[in-house]
Amino acid sequence: MGKIKITEQEIINALCLHIAHKKDIKPQEVEVELMYDDDYGFSAEAYVNDRKQVLITANIIEALRFYLETQLNIDPFSAALELVLNDNEGIIAFAE
């Protein structure tokens, strides 16, 4: 498979798809904001019907695995995933 870069927009899309799948709604009904904090690491806030859900790194990784499987046809558990804060590109991920 090699190393695949997952952009910030793709991470947001992955979270929208995963949350929509779990809640049986359309991905367009989910709004996501990615965040990074020096003390807490990576997280995200998801909004569905004006309700906020805080997502931790493990939730983001879970959504990325869902995205790899459903959108890229990659075995989600054979991929090592790493989240990275990039000065130019924001929050990105690498799957290897």
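# Close-up views of a predicted model

**View 1. A search of the whole structure finds one aromatic pair.** The partners are Tyr-36 and Phe-42, whose ring centres lie 4.8 Å apart. Their planes meet at 55°, so the pair counts as tilted. The two residues can also be looked at by their accessibility. Phe-42 is buried, at 12% relative accessibility, while Tyr-36 is partly exposed, at 37%. Please keep in mind, here and in the views that follow, that this is a predicted model.

**View 2. Here we look into the largest nonpolar core, a set of 29 residues.** Ile-11, Leu-15, Val-32, Leu-34, Ile-60, Leu-64 and Leu-83 are the members with the most contacts inside this core. Two or more residues come from each of these elements: helix H1 (8–23), strand S2 (30–37), strand S3 (41–48), helix H2 (57–71), strand S5 (81–86) and strand S6 (90–95). H1 gives the most, with seven residues. As general background, nonpolar side chains tend to be buried together in soluble globular proteins.

**View 3. This view is centred on Leu-83, one of the core residues with the most contacts.** Neighbours within four places in sequence are left aside here. Leu-83 is then in contact with Ile-11, Phe-42, Thr-57, Ile-60, Ile-61, Leu-64, Ile-92 and Ala-93. You may recognise Phe-42 from the first view, where this residue is paired with Tyr-36.

**View 4. Strands S3 and S4 form a hairpin with two residues between them.** S4 covers residues 51–56 and pairs with S3 in the antiparallel sense, over six bridges. To follow one of these pairings by eye, start at Tyr-47 and look for Lys-52, its bridge partner in S4. In the turn, Asn-49 has a positive phi of about 50°.

**View 5. A second hairpin joins S5 to S6 through three residues.** These strands run antiparallel and are joined by six bridges. One bridge to look for links Asn-86 with its partner in S6, Gly-90. S6 is also joined to strand S1 (residues 4–6), by three bridges, and these two strands run antiparallel. On that side, Ile-6 stands opposite Ala-93 in S6. Ala-93 is also among the contacts of Leu-83.

**View 6. Lys-3 lies over the face of Phe-94.** The distance to look for here is 5.0 Å, taken from the ring centre.

**View 7. Arg-65 has its place in helix H2.** At 21% relative accessibility, Arg-65 counts as partly exposed, because buried means under 20%. Not counting residues up to four places away in sequence, Arg-65 touches Pro-76, Phe-77, Ala-79 and Leu-81. With Pro-76 there is a further detail to find: a polar atom of the Arg-65 side chain lies 2.4 Å from the backbone oxygen of Pro-76. For a sense of scale, look across to Ile-12, which is 53 residues from Arg-65 along the chain. The C-alpha atoms of these two residues are separated by 13 Å.

**View 8. His-18 is found in helix H1.** This histidine counts as buried, at 7% relative accessibility. Apart from neighbours within four places in sequence, His-18 is in contact with Glu-62, Ala-63 and Phe-66.

Methods:
Residues are numbered from 1 along each chain as its sequence is written. This is a predicted model: local features need pLDDT of at least 70, side-chain atom pairs count only at pLDDT 80 or more; totals for chains, interfaces and linings use all residues. Side-chain values use heavy atoms; hydrogens and water are left out. A nonpolar core is a set of buried Ala, Val, Leu, Ile, Met, Phe, Trp, Tyr and Cys residues joined through side-chain atoms within 4.5 Å. Buried means under 20% relative accessible area, exposed over 50%, partly exposed in between (1.4 Å probe, protein chains only). Helices (H or I, at least four residues) and strands (E, at least two) are DSSP runs, numbered from the N terminus. Contact means heavy atoms within 4.5 Å. Two strands pair if DSSP finds at least two bridges between them. A polar contact is a pair of N or O atoms within 3.5 Å; within protein, one must be able to donate a hydrogen and the other to accept it, and residues adjacent in sequence count only if both atoms are side-chain atoms. Rings of Phe, Tyr and Trp (its six-membered ring) pair if their centres lie within 6.5 Å; planes under 30 degrees apart count as stacked, over 60 as edge-to-face and the rest as tilted. A charge sits over a ring if NZ of Lys or CZ of Arg is within 6 Å of the ring centre and within 35 degrees of the ring normal.
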